Amino acid sequence: MTWTRRHLTGIEPLSVEEIEQIFATTAAFKATLGRNVKKLPSLRGKTVVNLFLEPSTRTRLAFEMAAKRLGADVITLDCEASSTTKGETLRDTARNIEALNADMIVLRHSAAGSAGYLARFLGIPVVNAGDGAHEHPTQALLDCFTLRERFGSLAGRRVVILGDILFSRVARSNIWALTKLRARVTLVGPSTLVPEEFKALGVEVSHDLRSALADAEAVMLLRIQHERQNSSHFPSLGEYTSMFGLNKTRASWLAPDAVIMHPGPINRGVEIDSELADSSRSVILEQVTNGIAVRMAALYLCSGGSPDHLPAAS
Ligand code: CP
């Protein structure tokens, strides 16, 4: 099977075979990075526009590095610098970027479905870098790639996602990815942020941290996404931390070789204690590093590159 998609708007529509193709391509690109090859020619002569209408550090920089390592020219437009602040619509903004002969758009936007919306009418590939509380596909891909490097197959592995699930695009994309890869997923947090409805996605839902963490092989922490909440879902941050923050005692409930993950940005002392974020069990910075190769794979495949004929380094 060859990759046929022009857009990467989410994990939900992907087949397991497509996810495996992304991982194989990621592994090949990661090997080239490991050999200190700075540039591949795959996107030489192409222009990638990063349209980031929400703040970002990791995703934006990783997409920029990925595109540059594939030889593309990269232009990043952020919210403050774009004419969306003057009332221009997303549709008009994107059509103007296409009219300027960009070859690909990477979009981060606060509206769920915005990447899929652009993909419906643009003639160039669209890669979703996070759309509201809907999906953050490259984050889930890099998370699962990192887990696979550690554990091999994820089939039957117990993965806990802890925190603000309701407002998290990272959680949604990871639920799709992990369940497609046959991991056993438990969501845990306050009932206001982890509603029972998520069970319909094939995961367990728990509000009891100790039983959820017991013998889990990976825990993915999520920060509280205040920017998407317009009402209070728990009495105070301090009370949230006392009930659901990961500390040394609670981490001891995990399986002995369990890994601690976080998509970033971390709120130290809220969802995770600093000593755990910086501990040997943390793979948080491995996740960040893998984000470059995963995004290289996403850009390469969506631009028409074949997973079977990766370019030679130059
Ligand atoms: N994980 C993530 O999306 O981080 P940024 O918001 O910094 O891109």
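## Ligand between two domains

Domain 1 (16-136 + 289-302) and domain 2 (137-287) both contribute residues to the shell around the ligand, so the ligand lies between them. The domain bounds come from an automatic or database domain assignment.

This is a predicted model: local features need pLDDT of at least 70, side-chain atom pairs count only at pLDDT 80 or more, and totals for chains, interfaces and linings use all residues. Residues are numbered from 1 along each chain as its sequence is written, and side-chain values use heavy atoms, with hydrogens and water left out.

## The shell

Ser56, Thr57, Arg58, Thr59, Arg108, His136, Gln139, Pro263 and Gly264 surround the ligand (a heavy atom within 4 Å). The shell divides into 1 nonpolar, 6 polar and 2 charged residues. Here Pro counts as nonpolar, Arg as charged, and Gly as polar.

## Polar contacts

Polar contacts are pairs of N or O atoms within 3.5 Å. A polar side-chain atom of Thr59 lies 2.6 Å from a ligand oxygen atom. For Arg108, a polar side-chain atom lies 2.8 Å from an oxygen atom of the ligand. Thr57 uses a backbone N or O atom, 2.8 Å from a ligand oxygen. The protein covers 92% of the 250 Å² of accessible area that the ligand has on its own (Shrake-Rupley method, 1.4 Å probe).

## A cavity

The model has 1 cavity of 30 Å³ or more. A cavity is a set of points on a 1 Å grid, over the protein atoms alone, where a 1.4 Å probe fits but cannot get out. The largest cavity has a volume of about 70 Å³, the space filled by probe spheres set on the points. Its lining (an atom within 4 Å of a point) includes Arg58, Gln139 and Pro263.

Key: A polar contact is a pair of N or O atoms within 3.5 Å; within protein, one must be able to donate a hydrogen and the other to accept it, and residues adjacent in sequence count only if both atoms are side-chain atoms. On a 1 Å grid over the protein atoms alone, a cavity is a set of points where a 1.4 Å probe fits but cannot get out, and a pocket is an open set with protein on both sides within 12 Å along at least five of seven lines; lining residues have an atom within 4 Å of a point.
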